[in-house]
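Please open the structure in your viewer and keep the selection panel at hand. The stops below say what to select next and what is there.

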Amino acid sequence: MTIAVENPATGQVIGTVPDLTADDVAAAARRARAAQPAWQALGYDGRAAVLRRMQRWIVDHTDEVVATICAETGKAYEDALLAEVNYGAAAFGFWAKEAPRYLADTKVRSSQPLVAGKRLVQRYCPLGLVGVIGPWNYPLTNSFGDCIPALAAGNAVLLKPSEVTPLTSLLLAEGLAASGLPDGVFGVVTGRGETGAALVDEVDMVMFTGSTATGRRVAARAAERLIPASLELGGKDPMIVLADADLERAATHAAYYAMFNCGQTCISIERCYVEESVYPAFVELVTAKVKALRQGVPAGPGSVDVGSLTFPPQVDVVDRHVSEALAAGARALTGGARPERAGHWYPPTVLVDVDHSMAIMREETFGPTLPIMAVRDADEAVRLANDSEYGLCASVFGRDLARAEDVARRLEAGAVTVNDAVVNYTALELPMGGAKPASGIGRRHGKDGITKYCRQQSLLVSRVHLRRDVHTYPYRSGRTRAIRSLLGLLNRGRPGRS
């Protein structure tokens, strides 16, 4: 069985991939497990050499990678270049450099007298075989972004890309082979949901990016096997514009980060709250910027600003959210209607007169929409921003940095930017993940982004010790009384001050 891959901007079939069975996945897992020990034995330097060669491979093959991404996602050339190729190249270099530091042995100190004179160490070891289930919106960034640290830690990896956008993964697998990655260490298993379920059954840990509903099923299946699962799920990311904000900058970011990748970004701006004194001016600026966007089939650098949507059912979600909002009293200042054309399209849309009774303010839309709501003050903005089951990212704009940061710290989101948006994702040193269950569990980036692919081991090495420890058999009443007195002195602590 095969799966046809379409260009969502044109509807044309651009390739086919195998729809692998559970037996196929099991065979790939056996090959990966057989190859993993030698990959781990290469050490950080040996693995880093392969990752750095892959970093150069991406740079040298930028045109081919961008073309593949654009063809299977429908996104603009610049979206693929900046958010995918740039991220992927940087990630290979970053984890090659930082893996030894993040996973270095850590010496532990203890006040416990029973371990005096002993060496205590916390260390990290690869789990073995990591499974990554990638999404369709970022076939390089949100698939390989997870594979790279898992490989750097010494694991073998099986990647199950979305059946909608598998071609980028297969192309990068060729790049890894050309960069000297040993055969079997990395594999791409293409297929539909059944293939992903089979992957969870074969691996030692699963990393999933996608919808909250599917994430729950992945977590439940992983729990049956008692294997760890890291999940990056949905977002309904709020933007707050304070009265003293630089409105030009705020409007530019609102237009860009709401429409970037046709709105199909888990940390894109999905709803906007603006203090009422600057609401009219902000809305006017944003609407003008969104109206000026060029949407169409990407044809190279600078050809379009916004491409198509990637996943056919997502167009239905966007259309439903906008239509229901309009029926409930919202107004579309630009866009707002699904066009009649080949491919999967929805125009960049700005909505006003919205409220929290509407799905477009509460459910993840994942499309080129920006609903804007006026609020009395920052307190109301924070309350509404936090009135959500999601808590992935958020942004605050204001010239008074102390006030803006105070507002940011009150938001229930895993990452918050001040006078910026989304760009935090490019800082690979900065952890990123959800603050509420509907947005996932676990972290990407930073130390947490690689230690999650490891098991921890604690070492205690006895260097200086008696021939026989005083607390061991046989018990003697006099010795026990002495030990009790000593422990009482040690655990009494210093008197506190009232």
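Begin by selecting residues 279-291, which make up helix 10 of this predicted model. Helix 10 has 13 residues, and the distance from its first C-alpha to its last is 18 Å, close to the 18 Å expected at 1.5 Å a residue. Now show the side chains of Tyr279, Phe282, Val283, Val286, Thr287 and Val290, which are the buried residues of this helix. They lie on the same side of helix 10, because the arc they cover around the axis is only 125 degrees. Turn to the other side of helix 10, where Pro280 and Glu284 are exposed. To see what the buried residues of helix 10 pack against, add helix 9 (247-259) and then five strands to the selection: strand 10 (238-241), strand 11 (271-275), strand 12 (331-334), strand 13 (349-352) and strand 14 (369-375).

Next, zoom out to the whole chain, in which there are 15 helices and 18 strands. The C-alpha trace spans about 90 × 65 × 40 Å along its principal axes, and 53% of the 498 residues count as buried. Among the contacts with a separation of 6 or more, 72% are between residues 24 or more positions apart.

The next stop is an open sheet of six strands, which you can follow in the order 7-6-5-8-9-17, with mixed pairing. Strand 7 (186-188) and strand 17 (440-441) stand at its edges, and each has a single partner strand, so one side of each is left without a neighbour in the sheet. Select residues 156-160 for strand 6, which runs parallel to strand 7 and is joined to strand 7 by three bridges. Within this pairing, Leu158 stands opposite Gly187 in strand 7. Then add helix 5 (residues 141-152), which packs on the sheet and touches strand 5 (129-133), strand 6, strand 7 and strand 8 (205-209), with its direction at about 170 degrees to that of strand 6. Helix 7 (residues 193-200) can be added as well: this helix lies across strand 5, strand 6 and strand 8, and runs at about 155 degrees to strand 5.

From strand 6, follow the loop towards helix 6 (167-178) and select Thr165, which has its place in that loop. Is Thr165 buried or exposed? With a relative accessible area of 0%, Thr165 is buried. Leaving aside residues up to four places away in sequence, Thr165 touches Glu72, Thr73, Pro135, Trp136, Pro139 and Thr310.

A second open sheet comes next, with three strands in the order 3-4-18 and antiparallel pairing. Its edge strands are strand 3 (106-108) and strand 18 (454-462), each of which pairs on one side only, and the twist averages 30 degrees from one strand to the next. Select strand 4 (residues 118-126) together with strand 3, and you have two strands that run antiparallel and are joined by three bridges. Here Thr106 stands opposite Gln122 in strand 4.

For the last stop, turn to the aromatic rings, of which a search of the whole structure finds 10 pairs. In one of these pairs, the ring centres of Trp95 and Tyr102 are 6.1 Å apart and the planes are at 55 degrees, so the pair is tilted. Both Trp95 and Tyr102 are buried. Add Phe94 to the selection, and the one aromatic cluster formed by Phe94, Trp95 and Tyr102 is in view.

Key
Residues are numbered from 1 along each chain as its sequence is written. This is a predicted model: local features need pLDDT of at least 70, side-chain atom pairs count only at pLDDT 80 or more; totals for chains, interfaces and linings use all residues. Side-chain values use heavy atoms; hydrogens and water are left out. Two strands pair if DSSP finds at least two bridges between them. Helices (H or I, at least four residues) and strands (E, at least two) are DSSP runs, numbered from the N terminus. Contact means heavy atoms within 4.5 Å. Axes are lines fitted to C-alpha atoms, for helices over the stretch in contact, and angles run from 0 to 180 degrees between N-to-C directions. The expected span of a helix is 1.5 Å times one less than its number of residues. Buried means under 20% relative accessible area, exposed over 50%, partly exposed in between (1.4 Å probe, protein chains only). The arc is that of the directions from the helix axis to the C-beta atoms. Rings of Phe, Tyr and Trp (its six-membered ring) pair if their centres lie within 6.5 Å; planes under 30 degrees apart count as stacked, over 60 as edge-to-face and the rest as tilted.
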